[in-house]
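Colleague: Please give me a close look at a single part of this model. Start with the burial of the chain as a whole, then go to the part you choose and show me what surrounds it.

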Amino acid sequence: TTLRYVGHASHWDEVRIEGDFDGGAFTARYFEGGRLRAAASVGMDRANLEDEQALARLAGGAANAGRK
């Protein structure tokens with residue numbers, strides 16, 4: 001079994017689990033203040049890649065927020 005993790009969440013206030021935890025195909029998404037911070041998945045590689053892209057877009061937006 002491979003656990004894939006993207007993002008960084010040293011703190012979170014909500015975890016949303018999608019998929020079949022008992023069946024071994026799920027994604028756990030970690031949120032802080034309603035914003036996705038990280039995701040861990042087993043057997044859901046596509047969802048993991050989509051979360052990785054979403055986190056990259058969020059990071060890019062935050063990095064560019066101060067630029068004119």
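Modeller: Of the 68 residues of the protein chain, 29% count as buried. This is a predicted model, so keep that in mind throughout. The accessible surface comes to about 4,800 Å². Carbon and sulfur atoms own 50% of that surface. Now look at the contacts whose partners have a separation of 6 or more. Residues 24 or more positions apart account for 34% of them.

Next, the layout. The chain has 1 helix and 4 strands. Follow the sequence and you read β-β-β-β-α. The strands make an open sheet, in the order β1-β4-β3-β2. The pairing is antiparallel. At the edges sit β1 (3-7) and β2 (14-20), each pairing on one side only. On average, neighbouring strands of this sheet are turned by 15° against each other, with direction ignored.

The part I choose is β3. In the strand order, β3 stands between β4 and β2. Is this strand enclosed or open? Count its buried residues. Of the 8 residues of β3, 6 are buried, so the strand is largely enclosed by the rest of the structure. Buried here means under 20% relative accessible area.

Take the β2 side first. β2 and β3 pair in the antiparallel sense, over 7 bridges. One pair to find on screen is E14 with its bridge partner F31 in β3. The two strands form a hairpin, with 4 residues between them. G24 is in that turn, and its phi is positive, about 85°.

Now cross to the β4 side. Strand β3 (residues 25-32) and strand β4 (residues 35-42) also pair in the antiparallel sense, over 7 bridges. Two pairs help you trace this match. F26 has V42 in β4 as its bridge partner. T27 stands opposite S41. This hairpin has 2 residues between the strands. In it, G33 takes a positive phi near 60°.

While you trace the strands, watch where the side chains point. In a regular strand, they alternate between the two faces of the sheet.

Then come the charges. Side chains of opposite charge can pair when their charged atoms come close. The structure holds 6 salt bridges. Which residue does R29 meet in a salt bridge? Its partner is E18, at 3.2 Å from N to O. The pair links distant parts of the chain, with E18 in strand β2 and R29 in strand β3, 11 residues apart. Are the two residues equally covered? Work through each value. R29 is at 14% relative accessibility, so R29 counts as buried. E18 is at 41%, so E18 counts as partly exposed. There is a third member to add. E18, R29 and D51 are linked in a network of salt bridges.

At the other end of β3, look for E32. E32 forms a salt bridge with R37, and the closest N and O atoms are 3.6 Å apart. E32 is partly exposed, at 33% relative accessibility. R37 is partly exposed too, with a relative accessible area of 28%.

For contrast, step away from β3. D45 forms a salt bridge with R4, with the closest N and O atoms 2.8 Å apart. D45 lies in helix α1 (residues 45-64) and R4 lies in strand β1, so the pair ties together parts that are 41 residues apart in sequence. D45 is partly exposed, with a relative accessible area of 41%. R4 is partly exposed as well, at 36%.

Finish at the surface. W12, V15, I17 and F21 form a nonpolar patch there. Together they have about 420 Å² of accessible area. V15 has its place in strand β2. V15 is partly exposed, with a relative accessible area of 36%. And β2 is the strand that pairs with β3 over 7 bridges, so the walk ends beside the strand where it began.

Definitions and conventions: Residues are numbered from 1 along each chain as its sequence is written. This is a predicted model: local features need pLDDT of at least 70, side-chain atom pairs count only at pLDDT 80 or more; totals for chains, interfaces and linings use all residues. Side-chain values use heavy atoms; hydrogens and water are left out. Two strands pair if DSSP finds at least two bridges between them. Axes are lines fitted to C-alpha atoms, for helices over the stretch in contact, and angles run from 0 to 180 degrees between N-to-C directions. A salt bridge is a side-chain nitrogen of Lys or Arg within 4 Å of a carboxyl oxygen of Asp or Glu. Buried means under 20% relative accessible area, exposed over 50%, partly exposed in between (1.4 Å probe, protein chains only). Contact means heavy atoms within 4.5 Å. Accessible areas come from the Shrake-Rupley method with a 1.4 Å probe; for residues, only the protein chains shown count as cover. Patches are made of residues with over 30% relative accessible area and no salt bridge: like charges are joined within 9 Å, nonpolar side chains (Val, Leu, Ile, Met, Phe, Trp, Tyr) within 5 Å.
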